[in-house]
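Open the model in your viewer and keep the sequence panel beside it. The tour goes from one selection to the next and says what to look for at each stop.

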Amino acid sequence: MGIALSTTSRMVDLLDSTGWIQRRPDPQDQRAGVVALSRTGRAVLEARRRETAARLAEQIALLTAEEQRALYAVLPVLEALSERAATYPGELPRGI
């Protein structure tokens with residue numbers, strides 16, 4: 001992703017200090033650690049997703065009926081792009 005290790009380390013430290021993540025030793029490599037969302041972090045993420053969805057719904061409601069139909073028609077393509085991006089997290093393969 002092009003992020004410096006020092007930047008990543010500072011971000012993990014910040015997330016840890018907020019209680020949004022949990023750090024554990026990696027059971028397969030004692031020199032490494034495993035980072036996961038905490039209960040608090042999961043709640044923050046879910047709240048943010050709800051807020052974002054609500055704002056998006058408000059904006060969609062402002063579209064004309066024709067614009068809403070066009071958006072509805074393109075949703076399968078957007079879903080396919082999202083699935084492909086999850087499959088190829090570094091970058092989308094050519095032709096997508």
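Select Val 77 first: its relative accessibility is 48%, so Val 77 counts as partly exposed, a class between buried (under 20% relative accessible area) and exposed (over 50%), with a 1.4 Å probe and protein chains only. This is a predicted model, in which local features need pLDDT of at least 70 and side-chain atom pairs count only at pLDDT 80 or more, while totals for chains, interfaces and linings use all residues. Residues are numbered from 1 along each chain as its sequence is written, and side-chain values use heavy atoms, with hydrogens and water left out.

**Helix α3 and its patch**

Val 77 sits in helix α3, residues 65-87. Helices (H or I, at least four residues) and strands (E, at least two) are DSSP runs, numbered from the N terminus.

Now add Tyr 72, Val 74, Leu 75 and Leu 78 to the selection; with Val 77 they form a nonpolar surface patch of about 460 Å² accessible area together. Patch residues have over 30% relative accessible area and no salt bridge; like charges are joined within 9 Å, and nonpolar side chains (Val, Leu, Ile, Met, Phe, Trp, Tyr) within 5 Å. The areas come from the Shrake-Rupley method with a 1.4 Å probe, and for residues only the protein chains shown count as cover.

Stay on Leu 75, where α3 bends by about 40°. A proline, Pro 76, follows within four residues. The bend is the angle between axes fitted to the seven residues ending at a residue and the seven starting there.

Next, pick the end C-alpha atoms of α3: they are 33 Å apart, which agrees with the 33 Å that its 23 residues should span at 1.5 Å a residue. The expected span is 1.5 Å times one less than the number of residues.

**Helix α1**

Go to Leu 15, in helix α1 (residues 5-18). With 29% relative accessibility, Leu 15 counts as partly exposed. A distance drawn from the C-alpha atom of Leu 15 to that of Ala 73 reads 39 Å, for two residues 58 apart along the chain.

The 14 residues of α1 should span 20 Å, and its end C-alpha atoms are 20 Å apart, in agreement. Just after α1, select Gly 19, which has a positive phi of about 85°. From there, find Thr 40 in helix α2: the C-alpha atoms of Thr 40 and Gly 19 are separated by 6.6 Å, although the residues are 21 apart along the chain. Thr 40 is partly exposed, at 42% relative accessibility.

**Strands β1 and β2**

Show strand β1 (residues 21-26) and strand β2 (residues 29-37), which run antiparallel and are joined by six bridges. Two strands pair if DSSP finds at least two bridges between them. Which residue of β2 is the bridge partner of Gln 22? Select Ala 36 to see it. For Pro 25, the partner in β2 is Gly 33. The hairpin that joins β1 to β2 does so through two residues.

**Salt bridges**

Four salt bridges are found in the whole structure, each a side-chain nitrogen of Lys or Arg within 4 Å of a carboxyl oxygen of Asp or Glu. One of them is between Asp 13 and Arg 23, at 2.4 Å, N to O. Asp 13 is in helix α1 and Arg 23 in strand β1, so this pair ties together parts ten residues apart in sequence. Arg 23 also meets Asp 16, at 3.8 Å, N to O. All three count as partly exposed: Asp 13 at 39%, Arg 23 at 42% and Asp 16 at 33%.

Finish with Arg 48 and Glu 51, whose side chains form a salt bridge of 3.4 Å, N to O. Both lie in helix α2 (residues 39-61), three residues apart, or about one turn of the helix. Glu 51 is partly exposed, at 39% relative accessible area. Returning to the earlier group, salt bridges with shared partners join Asp 13, Asp 16 and Arg 23 into one network.
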